[in-house]
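Trainee: I'm new to this one and would love a close look at a single part. Could you pick a starting residue, tell me what surrounds it, and work outward from there?

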Amino acid sequence: MTKTGKVGKVTIAIDRKNYRLRFTHLKKRHSLTVGEVSEEGFMLATAKAQEINSDILMERFDPTLAKYSPERANALEVLEAKPNLNVVWENYKKLKENVVMPSTKKCCWATTERCMKSVNPKLLEIDKAPQFIAALLENYAPGTLRPVMGDINAAVNLAVNMKMIQDNPYQSIKLPKKIKKPIECYEDNEIKEIFEAFHEDTYCSKFTSAKHSHYYYYVSTLGLTFARPEEIIALTWNDLKTKADKTYLRISKVYSKGFIQTSKTKEIRLFKCNKQLTELLQQAPRIENEHNLMFPSIQGGYINHGNWSKRYWRPIINGLVSDGKLHKYLKPYVLRHSGITRAIRLGFDIATIAALAGNSTEMIAKHYLAAHNEIELPEL
């Protein structure tokens, strides 16, 4: 069905999968999408073209096009209503629904909406931007608010481009600078203690069936690859590659917020396994599971890293600290910091480490390289 036509001054054309009406009135060009390409769509386009042409001839044409399009009418109502931040945000979500990743909507958008609901509704008026930010800072840390402000600025900038509002008062507001904590890591002997504690179920209650040793291969792979936890969780046995007697891990995806997505850098990288990692992966049991995961949870699905950290990592690390085998409690991501720091101390150049870690050299030096606090300077 590819009918086109013309009704008086109005041309019925096809734009991709939709009918579009094109016409000129008082030297101004107009266009209006009226329906999908189909028999019914062509009938609707013809009827709208007749209505518009008649209104032009009878000098009753509506230049806003609201008379001929419910979407235009709704947009006009929003414009005239002086939208607040809620209206701007809902408009942004509607237009970005199909281009934003599911995990972003589930996590980041939910945080933004929670922050907006936490303040007095009067502060959501666009001209109350300073008061809105001040109210948020009473309940949230600047680090929490930075991605929220990113969402809000994106939504308000879109509203400015659509001429819903005149300008964006939020973009000139600066959040307090975050005090950067020193980068920390575990030393080699400490990481070996962590591996052993998982392997031997050292801190596992004898009454539980959920043994810590189930995650020994997962934790060891984290420590030996300095990959992101969400990358290792997403690995399947199809990602284990052998070429010219060398073993590689193909890292191309992540499991985050309940979804499988492309990796953070959108790149596929092959991590060359050393002898220790190769032998570890050869010994790892192939547990049958729906997704062919290398490291499934005890239940057989993807590891929920947040729950795993609380139920397995935390008791083991706290136990090792109490026994004097670790210097302090650090979160699981420390295995990435520790691996990167260890490789650089061994003399690997930062460019190589950055390629293996899936990051830039600047980010490696700024966010991942830990200082050696107990090093003794050589004597003169």
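Mentor: Let's start with V334, which touches E184, C185, Y186 and W313, leaving out residues up to four places away in sequence; a contact here means heavy atoms within 4.5 Å. Before going on, please note that this is a predicted model, where local features need pLDDT of at least 70 and side-chain atom pairs count only at pLDDT 80 or more, while totals for chains, interfaces and linings use all residues. Numbering runs from 1 along each chain as its sequence is written, and side-chain values use heavy atoms, with hydrogens and water left out.

V334 sits in helix α12. Helices (H or I, at least four residues) and strands (E, at least two) are DSSP runs, numbered from the N terminus. Is V334 buried or exposed? With 4% relative accessibility, V334 counts as buried. The word buried means under 20% relative accessible area, exposed means over 50%, and partly exposed is in between, using a 1.4 Å probe and protein chains only. V334 also lets you gauge distance: I298 is 36 residues away in sequence, and the two C-alpha atoms are 23 Å apart in space.

One of the contacts of V334 is W313, and that residue takes us into helix α11. A kink of about 40 degrees lies at W313, shortly before the proline P315. The bend at a residue is the angle between axes fitted to the seven residues ending there and the seven starting there. Helix α11 covers residues 305–322, and at 1.5 Å a residue its 18 residues should span 26 Å; the end C-alpha atoms are 24 Å apart, which agrees. That expected span is 1.5 Å times one less than the number of residues.

Both ends of α11 have something to look at. N304 caps the N-terminal end, with a side-chain oxygen 3.2 Å from the backbone nitrogen of G306. Just after α11, G324 takes a positive phi of about 75 degrees.

Along the helix, the buried residues are W308, S309, Y312, W313, I316, I317, G319 and L320. A general point helps when you read such a list: an α-helix has 3.6 residues a turn, so residues three or four places apart point the same way. What covers the buried residues of α11 includes α7 (188–200), α8 (216–225) and α12 (334–345).

W308 and W313 also belong to the largest nonpolar core, which has 46 residues; together with Y186, I194, F198, Y218 and F295, they touch the most other members. A nonpolar core is a set of buried Ala, Val, Leu, Ile, Met, Phe, Trp, Tyr and Cys residues joined through side-chain atoms within 4.5 Å. At least two residues of this core come from each of α7, α8, α9 (229–233), β6 (246–251), α10 (275–283), α11, α12 and α13 (350–357). I194 makes a good stop inside it: not counting residues up to four places away in sequence, I194 touches Y186, V219, W313, I317, L320 and L326. Apart from this core lies another, of 30 residues, among them A135, V148, L158 and Y170.

A135 gives us a path to L123, which is in contact with K128, Q131, F132 and A135, leaving aside neighbours within four places in sequence. L123 is found in the loop between α4 (102–117) and α5 (129–137), yet at 18% relative accessibility it counts as buried. The C-alpha atoms of L123 and K275, 152 residues apart along the chain, are separated by 60 Å.

Back at β6, look at T247, which lies in that strand. T247 is buried, with a relative accessible area of 13%. Its contacts, leaving aside neighbours within four places in sequence, are L240, K241, T242, F271, K272, C273 and T278. In the loop between β5 (240–243) and β6 you will find D245, which has a positive phi of about 65 degrees although it is not a glycine. D245 is exposed, with a relative accessible area of 78%.

Finally, how many disulfides does a search of the whole structure find? It finds zero, where a disulfide is a pair of cysteine sulfur atoms within 2.5 Å. For C108, the nearest cysteine sulfur, that of C107, is 4.8 Å away.

Notes
A polar contact is a pair of N or O atoms within 3.5 Å; within protein, one must be able to donate a hydrogen and the other to accept it, and residues adjacent in sequence count only if both atoms are side-chain atoms.
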